[in-house]
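Work through the exercises below with the model open in your viewer. Try each task before you read its solution.

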Amino acid sequence: NGRYESKSGYKALECIAATNSHQTNALPPLERQLWRDLWKTKAPPKLRHFLWRVLSGALAVKQQLSYRGIQTDPVCPLCRQEQESICHMLFHCPMAKEVWNRSSFPLPLAGFSRSSVFLNIHYLFSCSKKNDLDPKLRLAFPWVLWYIWKNRNLFCFENRRIDPAITIDK
C-alpha cells in the first residue's frame, strides 16, 4: 500500500536475511519434536512457560548467572556438593532425587543424564505418552519440576526447606 510500518520493515528484513542465508537453520528432528511436545503438553500456561525456560536455559541458577557475568558462588545452595546447573537442580540434587523417587513416575534405568536437560525432558515427555501409565501420573511431571524449582527458591530466598513428601502431596 506504499505506507511504511515497523511490521512491514521487519518482514522485509526477515525475507532479505532468509534470501542471503545459505545455511539451513532446521532443528534436528528429536529437538523439533521436543519443542512440539512442550507446547502441546496438557498443563497450565505457566508450566509450559516454565518448561520453555528450562529447555532454553533461562532459569536463574548459579551456573546461568555466572554465564551472564554475575559473580556468585557456583555451588548448589541446597546440597553444597556440586555446581548448581539446571540439570543438577531439577534432577541430581539430593532434594530433587528424593522428590523424583517419591513421585512414582518411572525413572530412567541408568538415571537421569547429568549433562543434558534436553535428554531428561525428552525422557519425561516420552513417559507421559505411555498409555499404560495412570493418566494423572503421566501429566504430573511438569508439576514435579515446578515444585522442585519453587522449593529451591523458598530455600534460597526465605531459608525454608520443604519436605519432599509435602512436595509430592502438592
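The exercises that follow concern a predicted model.

**Exercise 1. Helix length**

Task: Check whether the span of helix H7, residues 117–128, agrees or disagrees with its residue count.

Solution:
- Start with the count: H7 has 12 residues.
- Apply the rise of 1.5 Å a residue, which gives an expected span of 16 Å.
- Compare with the model: the end C-alpha atoms of H7 are 16 Å apart, so the two values agree.

**Exercise 2. The buried face of H7**

Task: Find which residues of H7 are buried, and work out how they are placed around the helix axis.

Solution:
- List the buried residues: Val-117, Asn-120, Ile-121, Leu-124, Phe-125, Cys-127 and Ser-128.
- Look down the axis of H7. The buried residues fall within an arc of 160°, so they line one face of the helix.
- Find the packing partners of these residues: helices H2 (29–40), H3 (45–56), H5 (86–92), H6 (94–102), H8 (135–138) and H9 (141–158).

**Exercise 3. Cysteines**

Task: Count the disulfides, using a sulfur–sulfur cut-off of 2.5 Å.

Solution:
- Recall the chemistry. A disulfide is a covalent bond between the sulfur atoms of two cysteines.
- Take Cys-79. The closest cysteine sulfur is in Cys-76, at 3.7 Å, which is too far for a bond.
- Take Cys-87. The closest cysteine sulfur is in Cys-93, at 12 Å, again too far for a bond.
- Note the burial. Cys-79 has 14% relative accessibility and counts as buried. Cys-87 also counts as buried, at 3%.
- Give the total: zero disulfides.

**Exercise 4. The largest nonpolar core**

Task: Identify which residues touch the most other members of the largest nonpolar core, and which element gives the most to this core.

Solution:
- Begin with the background. In soluble globular proteins, nonpolar side chains tend to be buried together.
- The largest nonpolar core has 41 residues, and Leu-90, Trp-100, Ile-121 and Leu-145 touch the most other members.
- Two or more residues of this core come from each of H2, H3, H5, H6, H7 and H9.
- H9 gives the most, with eight residues.
- Now zoom in on Trp-100. Its relative accessibility is 1%, so Trp-100 counts as buried.
- Beyond four places in sequence, Trp-100 touches residues including Leu-90, Phe-91, Leu-124, Leu-145 and Ile-148.

**Exercise 5. Aromatic pairs**

Task: Classify the ring pairs Phe-91 with Phe-112 and Trp-100 with Phe-105.

Solution:
- The structure holds 11 aromatic pairs.
- For Phe-91 and Phe-112, the ring centres are 4.6 Å apart and the planes lie at 45°, so the pair is tilted.
- Place this pair in the chain. Phe-91 is in helix H5 and Phe-112 is in the loop between H6 and H7, 21 residues apart. Both are buried.
- For Trp-100 and Phe-105, the centres are 6.2 Å apart and the planes lie at 65°. That angle is over 60 degrees, so the pair is edge-to-face.
- Phe-105 is buried, with a relative accessible area of 4%.
- Both pairs belong to one aromatic cluster, formed by Phe-91, Trp-100, Phe-105, Phe-112, Tyr-123, Phe-125 and Phe-141.

**Exercise 6. A residue of H8**

Task: Decide whether Leu-137 is buried or exposed, and find what Leu-137 contacts.

Solution:
- Locate Leu-137: this residue is in helix H8.
- Its relative accessibility is 17%, under the 20% cut-off, so Leu-137 counts as buried.
- Leave aside neighbours within four places in sequence. Leu-137 is then in contact with Ser-103, Ser-104 and Phe-105.

Notes: Residues numbered from 1 in each chain as written. Predicted model: local features only at pLDDT ≥ 70, side-chain atom pairs only at ≥ 80, totals over all residues. Heavy atoms only, no water. Helix = DSSP H or I, 4+ residues; strand = E, 2+ residues; numbered from the N terminus. Expected span 1.5 Å × (residues − 1). Buried < 20%, exposed > 50% of the residue type's maximum accessible area, 1.4 Å probe, protein only. Arc of directions from axis to C-beta. Contact = heavy atoms within 4.5 Å. Core = buried A, V, L, I, M, F, W, Y, C linked by side-chain atoms within 4.5 Å. Phe/Tyr/Trp six-rings, centres within 6.5 Å; stacked < 30°, edge-to-face > 60°.
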